[in-house]
Amino acid sequence: MPDLNALYKQDAPTQGLVVLGIDTDESSRADAEQFVRDNGLAFTILWDEGTRVSSQYRLSGYPASFFIDRAGVIRSTVSGAIRRDDMNERAKQIY
């Protein structure tokens, strides 16, 4: 999350990068909100009640990252953790 937050802060103003975090664990929403505050996350967190979004994207594990271009086309996906340099490279490919 810190790397994702740093990428967002770096590229949102100049590249129009949008980051949406999705939280699916309804039982710990208060904990998740505290995590967002404690870590100063600048991007939007969506609360996926009923896991509708997760189902639509066919998530099989967490974390998962989707790199979607301005036309709404998924250009790349990563299951599991992603390194900052890989995140930067994938983001640059869709700018």
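**Reading aromatic pairs and a pocket**

Me: I see that F66 is partly exposed, with a relative accessible area of 30%. Where does the label come from?

Reply: Keep in mind that this is a predicted model. Partly exposed covers the range between under 20%, which is buried, and over 50%, which is exposed. F66 has 30%, so the middle label applies.

Me: How many aromatic pairs are there?

Reply: The count comes to two. A pair of rings is described by how far apart the centres are and by the angle of the planes. For Y8 and F43, the centres are 6.2 Å apart and the planes sit at 75°, so we call the pair edge-to-face. Y8 is in helix 1, while F43 is in the loop between helix 2 and strand 2, so this pair ties together parts 35 residues apart in sequence.

Me: And which ring pairs with F66?

Reply: That's Y57: the ring centres are 5.0 Å apart with planes at 65°, so this pair is edge-to-face too. Y57 is partly exposed at 37%.

Me: Is F43 buried or exposed?

Reply: Buried, with a relative accessible area of 4%. S54, in helix 3, is also buried, at 6%. Leaving out residues up to four places away in sequence, S54 touches T24, D48, L59 and Y62.

Me: What lines the largest pocket?

Reply: There are 40 lining residues, and L4, V19, L20, G21 and A64 lie nearest the centre. Elements giving two or more residues to the lining include helix 1 and strand 3. By type, the lining has 30 nonpolar, six polar and four charged residues. The space in this pocket is about 1,300 Å³.

Terms used: Residues are numbered from 1 along each chain as its sequence is written. This is a predicted model: local features need pLDDT of at least 70, side-chain atom pairs count only at pLDDT 80 or more; totals for chains, interfaces and linings use all residues. Side-chain values use heavy atoms; hydrogens and water are left out. On a 1 Å grid over the protein atoms alone, a cavity is a set of points where a 1.4 Å probe fits but cannot get out, and a pocket is an open set with protein on both sides within 12 Å along at least five of seven lines; lining residues have an atom within 4 Å of a point. Grid points are joined across faces, edges and corners, and a volume is the space filled by probe spheres set on the points. Helices (H or I, at least four residues) and strands (E, at least two) are DSSP runs, numbered from the N terminus. Ala, Val, Leu, Ile, Met, Phe, Trp, Tyr, Cys and Pro count as nonpolar, Asp, Glu, Lys and Arg as charged, and the others, Gly among them, as polar. Buried means under 20% relative accessible area, exposed over 50%, partly exposed in between (1.4 Å probe, protein chains only). Contact means heavy atoms within 4.5 Å. Rings of Phe, Tyr and Trp (its six-membered ring) pair if their centres lie within 6.5 Å; planes under 30 degrees apart count as stacked, over 60 as edge-to-face and the rest as tilted.
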